[in-house]
Amino acid sequence: MEHRRLGNTGLKVSVISLGCMAFGRWIDEKTSLQVFDAALDAGITLFDTADIYGRGMDSRNPLQSGESEAILGRIIQKRRSKIILATKVNGKVGLGPNDHGLSRYHITRAIEDSLKRLQTDVIDLYQVHRFDPDTPLEETLGALDDLVKQGKVRYIGCSNYAAWQIAKAHGISQQKGLNRFVSVQPPYSLLVRDIEQELLPFCESEGVGAIVYSPLARGLLTGKYVDGGAHPAGSRADRADRALLALLAKPQILQNVCKLQEFANERGWSLPCMALAWVAKRAGVASAILGASRPEHVQAIEGLAEIKLQEEDMVVLDSICTSPSG
Ligand SMILES: NC(=O)c1ccc[n+]([C@@H]2O[C@H](COP(=O)([O-])OP(=O)(O)OC[C@H]3O[C@@H](n4cnc5c(N)ncnc54)[C@H](OP(=O)(O)O)[C@@H]3O)[C@@H](O)[C@H]2O)c1
């Protein structure tokens, strides 16, 4: 497993990380442990979760949040020093008006809950889950900076931010001498490429590490969904993952996936490995967060290191995925 610097920090992260959004939401603790162990065996060191991950995401009951962190907390007890632990704050974790968002009030309470669930003294990368238009950035950055100074957090990052929002935050951090966001977590895959316009060039230029999520487009880039076929039982589409269903509703997407599958087959590569290799090759990307609901999904990346995408491969893959649907 390759390890890369996270932006312009000295922290090294595995180029493939494991997303723990399925833990306690779609898979039980036993399977979560198997997935986690498969990830460690594959050389993955960066593990990503969030305070809201759990059954509450589907039931829309914020009181059911936190199960992913709680399971991960139990799993990592004897392995804490082997991993880089990342979690997030902002989502709704309670019914009160201050049980979400990026106010100093919420952040200082949410970190204690996350530390407790994760059974650790320190979170390596604490990320704000999305922009909060109701809270001044100065307040959020001040609260996050305090957490770093208190030793509860090592680095701070953001997720689902636009380039201008990070630029604004960096300006405030610099002006006030506060810790700055070292990373951003956006969606990115062969099929979802919006960040190429602004965010990725910004990351490269400003030394912000992009830790990209849904690199397999929520399972589409495994070839498990076929045109006109029923969704595989128990899959994310079967569980009505809205973002995935929105992609599946675009008529050309599955045709593009077919072309990508053919391209991979011709070279003897698996489609998911090729999709991950493509993401990892893009400038500015520090790590791609793989999601897995079975240990086999992690074991399937075994062939990744052997895939050496050449410039001509990138051109063909671009031409497939920048067609009108792509
Ligand atoms: N910051 C944010 O707002 C945000 C949003 C979304 C995700 N994330 C993070 O990113 C992580 C990954 O997201 P994601 O789960 O959407 O990533 P993904 O890697 O694009 O999709 C993962 C899904 O693909 C399927 N899959 C993976 N490998 C497979 C294989 N070899 N064969 C067949 N199917 C395979 C599984 O679907 P099935 O379960 O259907 O089998 C799995 O759940 C999350 O866990 C979370 O940590 C962050």
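**View 1. Ser-32 is buried, with a relative accessible area of 0%.** Here, buried means under 20% relative accessible area, exposed means over 50%, and partly exposed is what lies in between (1.4 Å probe, protein chains only). This is a predicted model, where local features need pLDDT of at least 70 and side-chain atom pairs count only at pLDDT 80 or more, while totals for chains, interfaces and linings use all residues. Residues are numbered from 1 along each chain as its sequence is written, and side-chain values use heavy atoms, with hydrogens and water left out. Ser-32 sits in helix α1, which covers residues 29-41. Helices (H or I, at least four residues) and strands (E, at least two) are DSSP runs, numbered from the N terminus. Which residues does Ser-32 contact, leaving aside its neighbours within four places in sequence? Look for Phe-23, Gly-24, Ile-27, Ile-71 and Ile-75, with contact taken as heavy atoms within 4.5 Å.

**View 2. Eight strands make a closed barrel.** Going round, the order is β3-β4-β5-β6-β7-β8-β9-β10, and the pairing is parallel. Two strands pair if DSSP finds at least two bridges between them. On average, neighbouring strands of this sheet are turned by 30° against each other, direction ignored. Axes are lines fitted to C-alpha atoms, for helices over the stretch in contact, and angles run from 0 to 180 degrees between N-to-C directions. Helix α4 (residues 104-118) packs on the sheet and touches β5 (84-89), β6 and β7. The direction of α4 makes about 135° with that of β6.

**View 3. Strand β5 is tucked away inside the barrel's surroundings: six of its six residues are buried, so it is largely enclosed by the rest of the structure.** Ile-84, Ala-86 and Lys-88 point one way from β5, while Leu-85, Thr-87 and Val-89 point the other way. Yes, Lys-88 is on the buried list along with the others. On one pairing, β4 (residues 46-48) runs parallel to β5 over three bridges, and Leu-46 has Ile-84 of β5 as its bridge partner. β5 also pairs with β6, again in the parallel sense, over four bridges. There, Thr-87 has Tyr-126 of β6 as its bridge partner.

**View 4. Strands β6 and β7 run parallel, with Arg-154 sitting in β7.** How many bridges join β6 (residues 123-128) to β7 (residues 153-159)? Five of them do the job. Gln-127 stands opposite Gly-157 in β7. Arg-154 is partly exposed, at 47% relative accessible area. Not counting residues up to four places away in sequence, Arg-154 touches Arg-80, Val-122, Ile-123, Asp-124 and Val-148. For a sense of scale, the C-alpha atoms of Arg-154 and Arg-218 are separated by 29 Å, with the two residues 64 apart along the chain.

**View 5. Helices α10 and α12 cross at roughly 105°.** The axes of α10 (residues 271-281) and α12 (residues 311-321) come within 12 Å. That crossing makes α10 roughly perpendicular to α12; angles of 65 to 115 degrees count as roughly perpendicular, those under 35 as roughly parallel, those over 145 as roughly antiparallel and the rest as oblique. From α10, the contact uses Met-274, Trp-278 and Lys-281. From α12 come Glu-311, Met-314, Leu-317 and Asp-318. By class, that contact has four nonpolar, no polar and three charged residues. Ala, Val, Leu, Ile, Met, Phe, Trp, Tyr, Cys and Pro count as nonpolar, Asp, Glu, Lys and Arg as charged, and the others, Gly among them, as polar.

**View 6. Cysteines without partners: the structure holds zero disulfides.** A disulfide is a pair of cysteine sulfur atoms within 2.5 Å. For Cys-273, which is in no disulfide, the nearest cysteine sulfur is that of Cys-321, 17 Å away. Cys-273 is buried, with a relative accessible area of 3%. Cys-321 is in no disulfide either, and its nearest cysteine sulfur, that of Cys-258, is 12 Å away. Cys-321 is buried too, at 1% relative accessibility.

**View 7. Arg-60 has a positive phi, and so does Ser-214.** Most residues other than glycine have a negative phi. Phi of Arg-60 is near 60°; this residue is in the loop between α2 (56-59) and α3 (67-75). Phi of Ser-214 is near 55°, and Ser-214 lies in the loop between β9 (209-213) and α8 (242-248). Buried or exposed: which applies to Arg-60, and which to Ser-214? Arg-60 is exposed at 57% relative accessibility, whereas Ser-214 is buried at 18%.
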